[in-house]
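I opened this notebook page to record how the helices and strands of one chain are arranged. The entries follow the order in which I looked things up.

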Amino acid sequence: MNRLPFQYFWRHLAQRGVVLGDERKGSSMTVTGDCNKSLPSYHNIYLGKDSFCKTNTCPPPKDKTFLDIWQQEQNLQDSEIAIFSSWNMIKRSISHIPGSFTSSIGPEIFATKNPIFVKINENIIRHPSKWPQVRPDQYTWELALTYLKNYQPRFLAIHLGESDEWAHENNYPLYIKALKSYDEKLKELDDILKTMPNYAKNTIIIMTTDHSRGNGSEWTSHHAGNTRPEHFIWTYVMGGPIKPLSSIYHQEVPSHNITKQIIFYLHGIPTEISYPKLFSQIF
Ligand SMILES: [Zn+2]
């Protein structure tokens, strides 16, 4: 993770949780499987295993995602699981049954009768992004935080995407600007959670990336292949029983499937633990 755009994160958040995959600590973390692309990674994150999706146009997974299983195991309402995403294809990753849960994904407005979302929906219509599959991150963020404050869901996913779009356009200044805006958003989230102490004390934050980027002049790319630099990723986890260790050395090399395992472990839902040493370090 490039440290410079993430000043708030490294000053205020990192030491309150655990950073996995920090190569300066000798640690590695990778995507699940061998494809360093977005939809394959989102499929693998939500499935908790390799979906063998290799393109950004895969159909929804046939197996249940961890959200499907969690909802079934603990009888969660659709309103208790909310997904807000700037990129529209993520709707294929979250469930094996399209239309599950509460979501607003891609350029669409948030289909709700609650008037607190009217202003944001108006802005979504008025200010589309330059990419037809993508909603500006700012509105994805506003929807998600408004939902957080008003509904206090059990699971909230916020998928932001402008950094990747600018990188594909080889626009380094706007790529960095997008990353800095994510750092500001983390501060905003941190500040909001401080105003919700009862909710925050039972909240786990998991932050990760679908893939990283190539080195040097290849920074715009993220092609398939598990020897390429963009195969290596990081994850930050914080809250609840997770120890405040900041960046750690971990011998095991976790992948995206750790997200499902952490969530199930913390909710008492049966799961395999692929990284027992790492779990004993961080819990
Ligand atoms: Zn991309």
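The entries below concern a pair of helices and then a sheet.

Entry 1. I note at the outset that the model is predicted.

Entry 2. I looked up how helix α4, residues 118-126, lies against helix α5, residues 137-151. Their packing angle is about 165 degrees, and their axes are 10 Å apart. Angles over 145 degrees count as roughly antiparallel, and α4 and α5 are therefore roughly antiparallel to each other. I recorded the crossing of α4 and α5 as left-handed.

Entry 3. Which residues make the contact between α4 and α5? From α4 I listed Ile-120, Asn-123 and Ile-124; α5 contributes Tyr-139, Glu-142, Leu-143 and Thr-146. Sorted by character, the residues of this contact comprise 4 nonpolar, 2 polar and 1 charged.

Entry 4. I turned to the sheet. It is open, has 3 strands in the order β3-β2-β4, and its pairing is parallel. Strands β3 (102-105) and β4 (155-159) stand at the edges with a single partner strand each, so one side of each has no neighbour in the sheet. Neighbouring strands are turned against each other by 5 degrees on average, direction ignored.

Entry 5. I then examined the pairing of β2 with β4. Strand β2 covers residues 81-85 and is joined to β4 by 5 bridges, the two running parallel. Within this region I found Ile-83 opposite Ala-157 of β4.

Entry 6. Where does α5 pack on the sheet? Helix α5 touches β2, β3 and β4, and its direction makes about 170 degrees with that of β4. I add that α5 is also the helix in contact with α4, through residues including Leu-143.

Notes. Residues are numbered from 1 along each chain as its sequence is written. This is a predicted model: local features need pLDDT of at least 70, side-chain atom pairs count only at pLDDT 80 or more; totals for chains, interfaces and linings use all residues. Axes are lines fitted to C-alpha atoms, for helices over the stretch in contact, and angles run from 0 to 180 degrees between N-to-C directions. Helices (H or I, at least four residues) and strands (E, at least two) are DSSP runs, numbered from the N terminus. Angles under 35 degrees count as roughly parallel, over 145 as roughly antiparallel, 65 to 115 as roughly perpendicular and the rest as oblique. A crossing is left-handed if the near helix is turned anticlockwise from the far one by less than a right angle, and right-handed if clockwise. Two residues are in contact if their C-beta atoms, placed from the backbone, lie within 7 Å. Ala, Val, Leu, Ile, Met, Phe, Trp, Tyr, Cys and Pro count as nonpolar, Asp, Glu, Lys and Arg as charged, and the others, Gly among them, as polar. Two strands pair if DSSP finds at least two bridges between them.
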